[in-house]
Amino acid sequence: MKQALEGLKVVDLSQVLAGPYCTMVLADMGAEVIKIEKYPNGDDTRAMGPFVHEESHMYMMVNRNKKGACINLKTPEGLALFKELIQSVDVLVENYRPGVTKKLGIDYDTLKALNPGLIYCSISGYGQTGPYSQKGGYDIMAQGLSGLMHMTGEPQGRPVKVGFAVNDIAAAQTALQSILMAYIYKLRSGEGQYIDVSLVESGLAWTVWEAAAYFGQGELPERTGTAHRVSAPYQGFKTQDDYILIGAGNQKLWEIFATKVVKRPDWLDNPLFITNYSRAQHVKALEAEIESELAKHPATYWLKLLDEHGVPSSPIYSYDQTLNDPHILERGMVLSYDHPTAGPMRTLGFPAKFSRTPGQLTSAAPTLGQHNEEILQALNITDYEVQHLTKANVISSK
């Protein structure tokens, strides 16, 4: 089956999460992605558990569909191999700290001279310029600086990070869309370009409702638990036995919820609850009223009733419940495959469903240096030279 990005050739110099996630999606959609890992131990996630037959689950999750080589770029031979490889690719993704690529001799200006059409994407914590550019920037720091942690958690509680590495994934998605836009431009003009992506700015760019409130009336987004900033009821509520989510975020849904679900038509005349704006302004009073009704029955009762009347709702799943939900399974979000070392494995599926060029799981994440010979042979490196390079600590494999 044909794929959307067939013919796109990518070199992935990144590690851990943001860059590898970006290049994984490119590979899922048919791009040829060659992952060049640092010598001698590879991507840092190879040392992160849990492990299956010494293979890291963390590494395997975001490096499927890629070819893998391990090259020592600090050696003249390794650098020469890399520069030869880069002449025939469309995209390079890296996440070194600013300045390191120049020291290694693999910065954009150097590689552009070898390949004018190269799209070079740098992903870092704070970006390539500015007073914080040299600081180490992990996802949690980016959540803090972008304001996300300050607005996450219960109103009187501590600041809380989002339960997954949201700024890392935001940076991955920002890099992905930027690379594809640059590739469209390259197809039209033949010209490559440099892309500078930061974790902080990628997360900050997603705070659109919060920016609207701040720029519009100087309102600071504070912690609201599960409640929405401008819509109510739109949050988690406690039932007799568990929490559920209810999203009656417009007037019609609110009236259906009040009259047909909880059968409290008197709420429609309560001056605190008449409009969406007034409900949001008095969300604690609304929450108390709703939970007093929901406490009469278990979560399953209310979820069934909410569905029957078309009011958006959901259980609040633990992760195992999510991955075993029939809807998630039918939508193909859990895939099975065989890894050459780890054996039978499961991974997440493709969130976008394409009618003509769907994402495909064609190969497991590479073992360290698995495709050294294949990649080097494409550069006309002989088997004898490969053996020499291995002995000379230029390439590594597991």
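Two strands pair if DSSP finds at least two bridges between them. Strands here are DSSP runs of E with at least two residues, helices are runs of H or I with at least four, and both are numbered from the N terminus. Keep that in mind for the sheets.

First, the ground rules. This is a predicted model, so to speak of local features we need pLDDT of at least 70, and side-chain atom pairs count only at pLDDT 80 or more, while totals for chains, interfaces and linings use all residues. Residues are numbered from 1 along each chain as its sequence is written, and side-chain values use heavy atoms, with hydrogens and water left out.

Start with the antiparallel sheet. It is open, has 3 strands, and runs in the order 9-10-11. Strand 9 and strand 11 (313-315) are at the edges with a single partner strand each, so one side of each has no neighbour in the sheet. Neighbouring strands are turned by 25° against each other on average, direction ignored. Angles here run from 0 to 180 degrees between N-to-C directions, with axes as lines fitted to C-alpha atoms, for helices over the stretch in contact.

Now the pairings. Strand 9 and strand 10 (residues 243-247) are antiparallel over 5 bridges. They form a hairpin, with 4 residues between them. Tyrosine 234 sits opposite glycine 247. Lysine 238 has tyrosine 243 as its bridge partner. On to strand 10 and strand 11: antiparallel again, over 3 bridges. There, isoleucine 244 has proline 315 as its bridge partner.

What lies across strand 9 and strand 10? Helix 12 does, at about 45° to strand 9.

Next, the parallel sheet. It is open, with 6 strands in the order 5-2-1-6-7-8. Strand 5 (67-70) and strand 8 (193-198) are its edge strands, each pairing on one side only. Neighbouring strands of this sheet are turned by 20° on average, direction ignored. Helix 3 (residues 76-86) packs on the sheet. It touches strand 1 (9-12), strand 2 (32-37) and strand 6, and its direction makes about 150° with that of strand 1. Contact means heavy atoms within 4.5 Å.

Inside that sheet, strand 6 (residues 91-94) and strand 7 (residues 119-124) run parallel, joined by 4 bridges. Valine 93 has cysteine 121 of strand 7 as its bridge partner.

One helix to note. Helix 7 (residues 166-189) has 24 residues and spans 34 Å from first C-alpha to last, close to the expected 34 Å. The expected span is 1.5 Å times one less than the number of residues. Glycine 190 follows helix 7, with a positive phi near 80°.

Last, the second largest pocket. It holds about 650 Å³ of space. Of its 29 lining residues, the closest to the centre are Thr224, Ala227, His228, Arg229 and Val283. A pocket is an open set of points on a 1 Å grid over the protein atoms alone, where a 1.4 Å probe fits, with protein on both sides within 12 Å along at least five of seven lines; lining residues have an atom within 4 Å of a point. The volume is the space filled by probe spheres set on the points, which are joined across faces, edges and corners.
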